[in-house]
Amino acid sequence: MKVKFWGVRGSIGSPIKGHGVKEKVRKILTYASPADVLDEETIDRFLKSLPFSLLHTYGGNTTCLEVRSKKDDLIIVDAGTGIRELGNRLLHEDFMQGKGECHMVFTHTHWDHIQGLPFFGPFYVPGNKFHIHAISENIEDRLRYQHSERHFPVPFEGFSANKDYIQHKESDVWSVYGINISHKGMRHPGNSYSYRFEEEGKILIFGSDAEFKLEDMDNIDTYVEYFRNADVLIFDTQYTFEEQLQKIDWGHSSASIATDIAMKAHVKKLVLFHHDPSYDDEKLDEVFMRAIRYKEMMDFDKTSKLEIIMAYEGLEINI
Ligand SMILES: [Zn+2]
Ligand SMILES: [Zn+2]
């Protein structure tokens, strides 16, 4: 199984600003010595030596993931603004000729998880087939509503691809492309659902949007059981711990709470996800470093094998 991230931002799209680019260039110049800029080769070597966020950005698009089975069959998770670029990429494949087919799963229908759908090119190509899964009720109506002419110029009927809708109960376990899929309701205003993908014993869990508070931590056994032994857990870490304390019931968690849960559940890799739109790359670096330090501090007997990484647009993980 493989997962690629096309949108990692929470709440609203948030492209990098000119000031942010200028600050990156300024910092890069302070790191460079004359020997680093002698020719193309030394410049390339110097650029490769820089930390991730100086040369890249975590990304501004909202939630969209591409999950591929071992045989390369496609499952799309959510349709935030990141799905536009995924769609453009898919139009180089069978989806351009109307011969594409895939499954889509929706965690919930807050805007940041559906807003890219009107710009998803493969939906406009007749012949393509999409199987749309959700636990949230009336998923078709929810998606249609976004195409009311009050909100968008092209009606939902403009999507000429074939679509069918599969309504699951929370307790359902189902299978597509050899991947077993189960779910769990997350604590989030209006409800959201986590998806657990298991293929040949390898487990990927997508757990956003989800709010876990400090006072709930003694009462999360069913969640720990659900997350247990995941190879990869992608988790909502929108806020810093301090900010989460001020944003009770806003529906999101912090990296330290996510780390506690991942350690309890013996998760192998925790991916920090659903970055706050007000956090620039520098702040996200800080979120990441603090999560690493927190994990080291909490790993009293130094036995935890947990690896923590940050989600960024373009990140691919083989599971
Ligand atoms: Zn969200
Ligand atoms: Zn949400």
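In helix H9, the buried residues are Asp281, Leu284, Val287, Ala291, Tyr294 and Lys295. Because they span an arc of only 140° around the axis, they lie on the same side of H9. This is a predicted model, so please read everything below with that in mind. The other side of the helix holds exposed residues: Met289, Arg293, Glu296 and Met297.

H9 itself runs over residues 281-298, 18 residues in all. From first C-alpha to last it reaches 26 Å, close to the 26 Å expected at 1.5 Å a residue. What do the buried residues of H9 pack against? Their partners are three helices, H1 (18-31), H3 (52-55) and H8 (255-264), together with strands S12 (269-273) and S13 (307-310).

**The nonpolar core**

In soluble globular proteins, nonpolar side chains tend to be buried together. Here the largest nonpolar core has 71 residues. Within this core, Leu204, Leu233, Ile234, Val271, Leu272 and Ala311 touch the most other members. H8 supplies the largest share, with 5 residues.

Ala311 is a good place to look around. Setting aside neighbours within four places in sequence, Ala311 is in contact with Phe5, Val8, Ile234, Val271, Leu272 and Phe273. Among these contacts, Phe5 also has a place in the strand pairing, where Phe5 stands opposite Leu65 in S2.

**The sheet**

Now to the strands. An open sheet of 7 strands follows the order S6-S5-S4-S3-S2-S1-S14, and its pairing is mixed. Which strands stand at the edges? They are S6 (162-167) and S14 (316-318); each has a single partner strand, so one side of each is left without a neighbour in the sheet. From one strand to the next, the twist averages 20°. Further in, strand S1 (residues 2-7) and strand S2 (residues 64-68) run antiparallel and are joined by 5 bridges.

**Residues in the loops**

Val125 sits in the loop between strand S4 (101-106) and strand S5 (129-134). Is Val125 buried or exposed? Val125 is buried, because 20 other C-beta atoms lie within 10 Å, and 20 or more is the cut-off for that class. Beyond its neighbours within four places in sequence, Val125 is in contact with Phe95, Met96, Gly98 and Ala161. Phe95 and Val125 are 30 residues apart in sequence, yet their C-alpha atoms are 7.3 Å apart in space.

Some backbone details also deserve a look. The peptide bond from Ser208 to Asp209 is cis, with omega near 5°. Asp209 belongs to the loop between strand S10 (202-207) and helix H6 (221-227).

Asn138 has a positive phi although this residue is not glycine, and so does His274. Asn138 lies in the loop between S5 and helix H5 (139-145), while His274 lies in the loop between S12 and H9. Their surroundings are set out here:

| Residue | Phi | Other C-beta atoms within 10 Å | Burial |
|---|---|---|---|
| Asn138 | near 55° | 13 atoms | partly exposed |
| His274 | about 65° | 28 atoms | buried |

Why are the two placed in separate classes? With 13 other C-beta atoms within 10 Å, Asn138 is partly exposed, whereas His274 is buried, with 28 such atoms. The loop that holds His274 leads back to H9, the helix whose buried residues pack against S12, among other elements.

Note on methods: Residues numbered from 1 in each chain as written. Chains lettered and ligands numbered in written order. Predicted model: local features only at pLDDT ≥ 70, side-chain atom pairs only at ≥ 80, totals over all residues. Helix = DSSP H or I, 4+ residues; strand = E, 2+ residues; numbered from the N terminus. Expected span 1.5 Å × (residues − 1). Buried ≥ 20, exposed ≤ 12 C-beta atoms within 10 Å, placed from the backbone. Arc of directions from axis to C-beta. Contact = placed C-beta atoms within 7 Å. Core = buried A, V, L, I, M, F, W, Y, C linked by C-beta atoms within 7 Å. Pairing = 2+ DSSP bridges. Axes fitted to C-alpha atoms, helices over the stretch in contact; angles between N-to-C directions.
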